[in-house]
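Open the model in your viewer and switch to a cartoon view. Keep the selection tool at hand. Which part should you click on to begin?

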Amino acid sequence: MLLGVGTAASPRFAPAGLLLEYGHTRVGFDGGPGSEPPETVQAWLVRSREGALHSELRRIADECGMPEPAVASFRHGALHVEPLPLPGEAPVGYRITAGRHLAVWAPESRGLPVWAEEADLVFAGTSEMRRTIEAARRLRVRRLVFALLDEDACAAMDAGKDPPFGEWGQEGGRYRL
């Protein structure tokens, strides 16, 4: 479930965040005030310890008794989550495998990493959207969700325009592998 689809400074949306549920296992990704994962997560994974919201995330975790936000791997049964480098200067993204299914959390990537090849589901950002779409097609991504919406994406959404490939992420939207 997408907890938020905004940038750290977005006046419209909560910061981009994802809640992964796999059986009784729950893992949060990024987020921030208004889009933090629930207190019942086993891990809270972030793309960077240097992000604009990291001190706020640590405060939320401390107050709620949640796991410390970390750049880390997570494994539980068939669920494997690995932080991997992204193209350019972006922080890490996460490769999420559950059995034969592959999802990718890479909302700050400019384009997509080669390790997203043949992903069932990719959460990406709209920065350099054309490059991301080209990479998604080349890498044979089955479903592309724009989970970090910049001002241009918000304007396109408001005008009723869909992306040329993929879909706009929705706060509270549920995505299934």
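Select E7 and E8: five bridges join these strands, which run antiparallel. This is a predicted model. E7 covers residues 93-98, and E8 covers 101-106.

Now zoom in on the turn. E7 and E8 form a hairpin with two residues between them. Click Gly99 in that turn: its phi is positive, about 65°. Which residue in E8 is the bridge partner of Ala98? Select His101 to see the partner.

**The other side of E7**

Add E6, residues 79-84, to the selection. Six bridges join E6 to E7, and these two strands run antiparallel. Pick Pro83, then look across to E7. Tyr94 stands opposite Pro83 there.

**The seven-stranded sheet**

Zoom out. These strands belong to an open sheet of seven. Trace the order: E5-E6-E7-E8-E9-E10-E11. The pairing is mixed. In general, strands of a sheet pair through backbone hydrogen bonds, either parallel or antiparallel.

For a parallel pair, select E9 and E10. E10 spans residues 144-148, and four bridges join E9 to E10. Click Ala124 and look for its opposite number. Phe146 in E10 stands opposite Ala124.

Which strands stand at the edges of this sheet? Select E5 (74-76) and E11 (167-168). Each has a single partner strand, so one side of each is left without a neighbour in the sheet.

**The four-stranded sheet**

Clear the selection and pick E1, E2, E3 and E4. These four strands form an open sheet in the order E1-E2-E3-E4, with mixed pairing. Here E1 (2-4) and E4 (43-45) stand at the edges. Each of the two has a single partner strand, so one side of each lacks a neighbour in the sheet. Turn the sheet and look along it. The twist averages 20° from one strand to the next.

Stay with E1. Two bridges join E1 to E2, residues 17-22, and the two strands run antiparallel. Click Leu2 in the viewer. The bridge partner of Leu2 in E2 is Leu18.

**The second largest pocket**

Keep E2 selected and switch on a surface. Five residues of E2 line the second largest pocket, the largest share of its lining. E7, E8 and E9 each supply at least two lining residues as well. Select Leu20, Glu21, Tyr175, Arg176 and Leu177, which lie nearest the centre of this pocket. The lining has 18 residues. Colour them by class: 13 are nonpolar, two polar and three charged. About 450 Å³ of space lies in this pocket.

**The largest pocket**

Next, select Ala8, Arg47, Pro91, Glu108 and Leu148. Of the 28 residues that line the largest pocket, these lie nearest its centre. The space inside is about 520 Å³. How does the lining divide by class, and how many residues are charged? Colour again: 12 nonpolar, 10 polar and six charged residues appear.

**Last stop: two cysteines**

Select Cys64 and Cys154. Which is buried, and which is partly exposed? Cys64 has a relative accessible area of 31%, so it counts as partly exposed. Cys154 has a relative accessible area of 11%, so it counts as buried. The cut-off for buried is under 20%. Finally, look for disulfides: the structure holds zero.

Definitions and conventions
Residues numbered from 1 in each chain as written. Predicted model: local features only at pLDDT ≥ 70, side-chain atom pairs only at ≥ 80, totals over all residues. Heavy atoms only, no water. Pairing = 2+ DSSP bridges. Axes fitted to C-alpha atoms, helices over the stretch in contact; angles between N-to-C directions. Disulfide = S-S within 2.5 Å. Buried < 20%, exposed > 50% of the residue type's maximum accessible area, 1.4 Å probe, protein only. 1 Å grid on protein atoms, 1.4 Å probe; cavity = no way out; pocket = protein on both sides within 12 Å on 5 of 7 lines; lining within 4 Å. Points joined across faces, edges and corners; volume = space filled by probe spheres on them. Nonpolar A, V, L, I, M, F, W, Y, C, P; charged D, E, K, R; others polar.
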